[in-house]
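Hi there,

Here is the structure I promised to hand over, with my notes underneath. Have a look at it first, then read on when you have a moment.

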Amino acid sequence: MSENPHEAVDQLFKKNQSTEVISRLNHGENIQDIINTEFNPEQNFSPEEIECSDGRCPHHGKEISVAGSGILLSEEEFDMMMKKYPDIKVITTHADCGAGKLAFANAQKNETVPPGITTAEEFAADWAKKMAAKYNLSYRHIGVDEFVAPYHHEQGIMVDTTGKIHQKMVNGMSNMFASHTASFAHPDNVIAEVQVLTNIGLGDHGLGQRITDEKPFYIMVACADTQKAEQMHEAFSTALKDHGDNVQIKTFVVPN
Ligand SMILES: [Zn+2]
């Protein structure tokens with residue numbers, strides 16, 4: 001990889017563009033047709049870990065992904081997540097977490113930062129250790145050395161509303177943000193999370209101006225049926241309309 005972050009990100013973007021899924025979407029192919037041919041149910045989904053949505057984290061297929069591992073959720077929603085995924089044994093935090101920074105900024109504003117905590121990373125670790133104690137989980141920090149690449153280069157967000165799919169189950173998938181939040185949380189929280197992730201993806205720390213209407217940022221939404229797919233398409237289109245055609249919503253029904 002190049003020493004120059006710009007060139008390195010250009011290369012990562014190029015790699016995304018050459019994946020089966022992104023190149024077919026860019027050519028106007030229907031996402032359902034792509035999923036139907038690339039879906040690999042042998043990579044079954046049995047999550048044991050909570051990880052951030054960040055595309056730099058190694059999404060290996062054994063985790064659910066939620067922004068900041070759930071640090072932006074209410075206690076009630078965190079509880080809903082644990083009920084939905086009873087086999088979770090580990091909670092993680094990671095280096096340079098955008099959601100962790102946001103949660104820390106919110107806590108500073110509300111004057112709820114625990115004594116002795118001075119950085120976003122300490123704040124997130126303290127929070128995750130408390131959740132680990134509450135739910136009898138182990139805690140692990142993902143360092144930069146475990147990242148798939150040092151720079152953000154997500155080509156979109158893989159949103160799962162079903163609790164049944166992981167991006168590893170789609171062959172030829174690009175680097176993406178991953179989110180299972182829609183499988184357990186209130187719709188408003190799902191929209192807020194997708195907005196946060198989209199802003200990172202389109203910002204200076206993400207692919208930024210490389211994203212165009214011809215090479216857009218894709219919100220891929222896995223649904224259980226066509227009614228849910230229509231509903232999610234409507235909700236995300238409305239929430240993200242300011243981005244125009246640079247952000248495209250692609251809903252699909254998970255094959256049986
Ligand atoms: Zn993160």
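A crossover is called right-handed if, with the strands pointing away from the viewer, the path from the first strand over the helix to the second runs clockwise. By that rule, β7, α8 and β8 form a right-handed β-α-β unit. Before I go further, please keep in mind that this is a predicted model.

The sheet around that unit

The unit's strands belong to an open sheet of four strands, ordered β6-β5-β7-β8, with parallel pairing. At the edges stand β6 (177-179) and β8 (247-253), each with a single partner strand, so one side of each has no neighbour in the sheet. From one strand to the next, the twist averages 15°. As general background, strands of a sheet pair through backbone hydrogen bonds, either parallel or antiparallel.

If you zoom in on β7 (residues 217-223), you will see that β7 and β8 pair in the parallel sense over seven bridges. Two places to look are Ile219, which stands opposite Ile249 in β8, and Met220, which faces Lys250 of that strand.

Two helices lie across β7 and β8. Helix α8 (residues 226-239) runs at about 170° to β8, while helix α3 (residues 31-38) crosses at about 55° to β8. Is β8, as an edge strand, left open or enclosed? Six of its seven residues are buried, so β8 is largely enclosed by the rest of the structure.

Helix α1

Helix α1 covers residues 5-17, and at 1.5 Å a residue its 13 residues should span 18 Å; the end C-alpha atoms are 18 Å apart, which agrees. Its buried residues are Val9, Leu12, Phe13 and Asn16. Seen down the helix axis, these fall within an arc of 100°, so they line one face of α1. An α-helix has 3.6 residues a turn, so residues three or four places apart point the same way. The buried residues of α1 pack against α2 (20-26), whereas the face turned away from them carries the exposed residues Glu7 and Lys14.

Helix α5

The same length check works for α5 (residues 98-110): its 13 residues should span 18 Å at 1.5 Å a residue, and the end C-alpha atoms are indeed 18 Å apart. Buried in α5 are Gly98, Ala99, Gly100, Ala103 and Phe104. Their cover includes β3 (90-94), α6 (120-135) and α7 (187-202). Just after the helix, Glu111 takes a positive phi of about 55°.

A buried glutamate

Where does Glu49 sit? Glu49 is found in strand β1 (residues 49-51). Why does Glu49 count as buried? Glu49 has 20 C-beta neighbours inside 10 Å, and a residue is buried if 20 or more other C-beta atoms lie within that distance, so Glu49 qualifies. Leaving aside residues up to four places away in sequence, Glu49 touches Lys62, Glu63, Ile88, Val90 and Thr92. Pro5 is 44 residues from Glu49 along the chain, and their C-alpha atoms are separated by 30 Å.

That is what I have for now. Happy browsing, and do write back with any questions!

Best wishes

Definitions and conventions
Residues are numbered from 1 along each chain as its sequence is written. This is a predicted model: local features need pLDDT of at least 70, side-chain atom pairs count only at pLDDT 80 or more; totals for chains, interfaces and linings use all residues. Two strands pair if DSSP finds at least two bridges between them. Axes are lines fitted to C-alpha atoms, for helices over the stretch in contact, and angles run from 0 to 180 degrees between N-to-C directions. Two residues are in contact if their C-beta atoms, placed from the backbone, lie within 7 Å. A residue is buried if 20 or more other C-beta atoms lie within 10 Å of its own, exposed if 12 or fewer, and partly exposed in between; C-beta atoms are placed from the backbone. The expected span of a helix is 1.5 Å times one less than its number of residues. The arc is that of the directions from the helix axis to the C-beta atoms.
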